[in-house]
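Q: Got a minute to go through a structure with me? I'd like to start with the holes inside and then wander a bit.
A: Sure, put it up and ask away.

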Amino acid sequence: MKQYEIETFSQGHETMALFWKDCYEAFMINLHRRERERGESKIRFQEQFVEPFSRRGRQENLRYNSMLKQMHTQNSAILRQWKAARRGLMCERGPWVDKQQKEMNWKLSSAENYSRMRLKLVRNYNFDPHREASALRDNLGVQHQQINAESLLLEAVKQVKVSDLEEEILDLPEEEQSGSTQADDEDASQKEKLVMSEDCELVTVVDVYPGRLDITTHHIYFYDSSTEKEEGVGQDFKWPLSQIREIHLRRYNLRRSALEIFLIDQTNYFLNFKKEVRNKVYSRMLLLCSLSLHGTRSPQELLKASGLTQKWVNREISNFDYLMQLNTIAGRTYNDLAQYPVFPWILSDYTSGELDLSDPRVFRDLSKPVAVLNEKNAKAVREKYESFEDPTGTIDRFHYGTHYSNAAGVMHYLIRVEPFTSLHIQLQSGRFDCADRQFHSIPATWQTLMDNPNDVKELIPEFFYFPEFLENQNGFDLGRLQISKERVNDVVLPKWAKSPEDFIYKHRKALESEHVSAHLHEWIDLIFGYKQRGPAAVEALNVFYYCTYEGAVDLDAITDEKERKALEGMISNFGQTPCQLLKEPHPVRLSLEELEKRKSRLDSCPLSIFEHLTELKSFFVEGISDNCALVKAVVPKNQSHSFISQGSPDTLVTVSQNCLIGTHGWLPYDKTISNYFTFIKDPTVTSQKTQRFLAGPFSPGVEVTARLFVVSHDGKLLFSGGHWDNSLRVTSLLKGKTVGQHIRHMDIITCLATDYCGIHLISGSRDTTCMVWQVLQQGGAPVGLSPKPLQVLYGHTDEVVSVCISTELDMAVSGARDGTVIIHSVRRGQYMRSLRPPCESSLPVSITHLAVSWEGHVVVHTCVEGKATLKDKNALHLYSVNGKHLCSDPLKEQVTDLCVSGEYIVMGSEQGFLSIRDLYSLALCVSPMAMRVPIRCVSVTKEQSHVLVGLQDGKLIVVGVGKPAEMRSGQITRKLWGSSKRLTQISSGETEYPTQEHL
């Protein structure tokens, strides 16, 4: 029985177990299938419903936020435009002029001239008098603790020292260059395309702005992405690639991660990228802009390729320009206070009543660092160097724990000028530094340098061109000196300087003096040359703390972000040594005697009229149009010659009073011709069949003068005003036909002028307005004007009679019969200031001529209306770029035309006198030359070798340096390119025009 039960139930049990096992497996399979189906269903639901909904929600949120941001930007822009409109309407020349004008405050503009001088002040609408900073200084006294940057650095930079300086190698693959260039050529004719877009930072002297750089086939764009933009504008910019002149590789915070872009109108931008991105952007921009690749691998190669050193040695460029170019090539920039341009102390006499530049004792020894000019200091510095030992072996020996150029030093000198005042206060934790430590006296600063071996500050470029930094124009409370209790205000000047302008003038004369020219190379060796590093630096007592040198530390070795930022800030404030440009001694500059010998030996260039003012002679070329006044004669400055036509004549353009146009041949120099020029008359001006005239008559009553005409810089286009239909006309000088006609003024155009770089043209009219026009370029050559003016400038109450424009200094200057000169900005058309030349007469005064110098000096000729006699009728006035009246001089003749060339004013008069005056004093440099016939126009050729004078009787007179005594005259057999005539058959101006000196 038991056996039966076991057999029966065990079999049933197994069967049941198998059955339930099958049931369980089927259940689990069904369960997994259901789970899978449910999961797939969820995924499908997610894909078809949830994700599209979420995506749409995110898009709507982004769109909403973008709309809010756009509305905020638009509101800010509209508010800015309303503020600008209000300022324009209520300024001193506006229609709703406010009787009680607010006090004007100023800040330094970033505009530069072609010598890289930042000369110009602009209105500061967000001015802060910093009274709280003054109060904090006075309440806290002078016992605030200063962090010892040197001791902090000694610890912090040990971990990031680099043993060897790595050479920077740019990766510019050949295949990519050729392929990209071809593609870019194809794109040029198509629509604008985005080439690359990279995040970067725009570095300015005030702040660092995060943003994005977009490079297209035609433009570069920067979009400011900072959260708080000034009045909603920010730092956005857009420029055509064709206007980029140079691109330099730069360091920022000791990293090779930045670029500095220079445009043809002297605007520049400093952009910092991620380290690995910078070279990609640089390579792409070089290809798109078709810029030369020579010297792009290192500053040393760039200096070598530029030929600047040889130009300086041969005295072709000034000491100031050479130092500024060396600073630029070595990575010094106005945009980064830690790498500000550095200039030398050049004088040692700041106490004498008169400055005698012929006495070598008044000059500083340029072969020694400024800290060891005092022999006692030299001994202390040498002992410090020899006794220094770092137990860890990380820190190299050094002579100085401070540096000759750093951010604090720049702010120290420029404390009276915004934005440097605010930056100084920021550096000093919200207060002014105590008065005794501020820059309050030039003699005292020099004496401190002599007494203190730890003070090694050199100068900044502003000491040679910017008098405003020596004046407390904004009225800041800078405190009182501790001992004398004297209030610190304007900088105390040396006894030999009567005013800030006088100090700058004499200081610059000292920089260009013979003594400095003979020794400047020694200072260059210390700062940029072979004495910057190595055994020569040790011997010259010129070794600084090692982390100031290029490539000495690798900040990327620090992984902690906060620690790296702190170290960057410390090193940035500590100072950076420029890139080493030369590893051998710098050549010496030629003395004046050596230069004269060299010139007479080579005899390859025309003599400058301004260097030989006592040897000038006038040469009668030929009557261009008999008995019809010659109202314009000019040699355009940027005439291009193809390789095959090198040595061919330039074009000399003339316009006569009867609208006759002449394009003559002009060669400024040929050593076989006694008077150093060749003139080839345009054959079309003599034959009635071939004569070319300006189309359309001038308006009745308009006096046809030189002011009505402007020739483009390449000599291909003539812009003219004065036409009966109020038009500004563009005439092709090649075809002799009108190629453009722009009617925007409400009355006759009375005057025209163009800028130095050929980007803008300005017109003035009887309708009392001026208009700024963009000159359209194609392949780098002007082809016409934009259909609409960029700016319309208001403010005059009578006919505008003279205009000038300087794009690089952002100045549009206009003078009118109402006796005022008004200065506007070019880029925004904002009113800047009015100048009212002084006059003792009660009769109305008219502005008849204007000229702007390379430094922004405004020369104004005024004439008293209705005065019968010449006595006290005419006067010449000089204003600084910032509107300060510098001097005036009465004239005995009626000026008909004037121009400024370099540091001289050239004028022609109704009485037939050609006079040359010094720009800074307005004094005559030489007795006027009498032309015996009224002068209608004057212009100086681009080499400053000749003055072209157009006379009332149609003659063209060329004034140049007379034949040197050793020059032999002989038969001229050389042929001119493209001419079948021998030079003996061509007018070479050998007929001297008889002039009398005006007694």
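Q: What volume does the largest cavity have?
A: About 70 Å³. Keep in mind that this is a predicted model.

Q: How many cavities of 30 Å³ or more turn up in the whole structure?
A: The search finds four.

Q: Back to the largest cavity: which residues line it?
A: From the 369-371 stretch you get Pro 369, Val 370 and Ala 371, and further along come Tyr 400, Tyr 404, Val 456 and Glu 458. Trp 523, Leu 526, Ile 527, Asn 542 and Phe 544 are lining residues too.

Q: And what's that lining like by class?
A: It has 10 nonpolar residues, plus one polar and one charged.

Q: OK, zooming out. How many helices and strands does the chain have?
A: There are 17 helices and 40 strands. The chain has 999 residues, and 53% of them count as buried.

Q: What about the outside, how much area is exposed?
A: The protein chain exposes about 47,600 Å², with carbon and sulfur atoms supplying 52% of that.

Q: New topic: Asn 327. Where is it, and is it buried or exposed?
A: Asn 327 sits in helix H8, which covers residues 319-329. It counts as buried because its relative accessibility is 0%, and the cut-off for buried is under 20%.

Q: So what does the Asn 327 side chain have for polar company?
A: A polar atom of that side chain lies 2.9 Å from the backbone nitrogen of Val 342. Leaving out neighbours within four places in sequence, Asn 327 also contacts Arg 332, Pro 341, Phe 343 and Phe 528, as well as Val 342 itself.

Q: Any odd backbone spots? Where is there a cis peptide bond?
A: Between Glu 418 and Pro 419, with omega at about 5°. Pro 419 is in the loop between helix H10 (407-413) and helix H11 (420-427). Most peptide bonds are trans.

Q: And which residues other than glycine have a positive phi?
A: Ser 429 is one of them, with phi near 60°, and Leu 541 is another, at about 55°.

Q: Are those two buried or exposed?
A: Ser 429 is exposed, because its relative accessible area is 60% and exposed means over 50%. Leu 541 has 6% relative accessibility, so it counts as buried.

Q: Where do they sit in the fold?
A: Both are in loops: Ser 429 between H11 and helix H12 (442-451), and Leu 541 between helix H15 (534-539) and helix H16 (561-574).

Definitions and conventions
Residues numbered from 1 in each chain as written. Predicted model: local features only at pLDDT ≥ 70, side-chain atom pairs only at ≥ 80, totals over all residues. Heavy atoms only, no water. 1 Å grid on protein atoms, 1.4 Å probe; cavity = no way out; pocket = protein on both sides within 12 Å on 5 of 7 lines; lining within 4 Å. Points joined across faces, edges and corners; volume = space filled by probe spheres on them. Nonpolar A, V, L, I, M, F, W, Y, C, P; charged D, E, K, R; others polar. Helix = DSSP H or I, 4+ residues; strand = E, 2+ residues; numbered from the N terminus. Buried < 20%, exposed > 50% of the residue type's maximum accessible area, 1.4 Å probe, protein only. Areas by Shrake-Rupley, 256 points an atom, 1.4 Å probe, with all protein chains shown as cover. Polar contact = N/O pair within 3.5 Å; in protein donor to acceptor, adjacent residues only side chain to side chain. Contact = heavy atoms within 4.5 Å.
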